[in-house]
Amino acid sequence: MGYVRITDRPEELFHYTRRDNLASILRDGRIKRMGDAECWFCSTLNDTLELMRATVMVEGKPYVKLGGSIGRYPKFQPEDYVILRLKPRYQNGEWVRWMQEMPPGTPPELLKAAENFSNLKLGFRGDLKSWPEPEIIEVKALLAPEEIQSVNLSISM
């Protein structure tokens, strides 16, 4: 299926990022594509956390990097991440959703999981400008104590 256009422009978005990217985002007033065709967002805070739980919070999980090589997520440090609540400024650009493509014969439960994962993310083709002073949400404050405990145990082992 690939990319699907989204016709409605979102009024509010959430974007997780490493804390060390925060100063440049605030200074520039935009989320940059970082070499990709799109920059990615979620429409709710819960979707953002679910996306993080399926990606950056899973130490060692493989992912496809830009250029097609395989990378693995490093140890997750909750204090290294923030979530930004953004109000996009009007600008020309295309909103898309990447619908995960699956091979023929994929079991129905895996197809459903791929659809759920795809529906967590919204992409904007270009760098997204936002209104100044987005709300900055600390990821560590949003995680359940057992999630933080689990992360701390895997780091100390």
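Biologist: How do you know that β2 and β7 are paired strands?

Modeller: This is a predicted model, and in it six bridges join β2 to β7, residues 81-86. Two strands pair if DSSP finds at least two bridges between them, so β2 and β7 count as paired, and they run antiparallel.

Biologist: Which residue of β7 is the bridge partner of Tyr16?

Modeller: That is Ile83.

Biologist: Nice. What makes β2 and β11 edge strands?

Modeller: The sheet is open, with three strands in the order β2-β7-β11 and antiparallel pairing. β2 (13-18) and β11 (135-138) each pair on one side only, which is what makes them the edge strands. From one strand to the next, the twist averages 30°.

Biologist: Let's turn to the largest pocket. Which element gives the most to its lining?

Modeller: β2 does, with five residues. Other elements that give two or more residues include α1 (22-28), β4 (38-41) and α2 (45-54). The space in the largest pocket is about 1,600 Å³.

Biologist: Why is Tyr16 called a lining residue of that pocket?

Modeller: A lining residue has an atom within 4 Å of a pocket point, and Tyr16 is among the 40 residues that line the largest pocket; therefore Tyr16 meets that cut-off. Tyr16 also belongs to the group nearest the pocket's centre, together with Asp36, Trp40, Tyr63 and Tyr73.

Biologist: And how does the lining divide into nonpolar, polar and charged residues?

Modeller: There are 23 nonpolar, seven polar and ten charged residues. Tyr counts as nonpolar here, so Tyr16, a lining residue, falls in the nonpolar group.

Conventions: Residues are numbered from 1 along each chain as its sequence is written. This is a predicted model: local features need pLDDT of at least 70, side-chain atom pairs count only at pLDDT 80 or more; totals for chains, interfaces and linings use all residues. Side-chain values use heavy atoms; hydrogens and water are left out. Helices (H or I, at least four residues) and strands (E, at least two) are DSSP runs, numbered from the N terminus. Axes are lines fitted to C-alpha atoms, for helices over the stretch in contact, and angles run from 0 to 180 degrees between N-to-C directions. On a 1 Å grid over the protein atoms alone, a cavity is a set of points where a 1.4 Å probe fits but cannot get out, and a pocket is an open set with protein on both sides within 12 Å along at least five of seven lines; lining residues have an atom within 4 Å of a point. Grid points are joined across faces, edges and corners, and a volume is the space filled by probe spheres set on the points.
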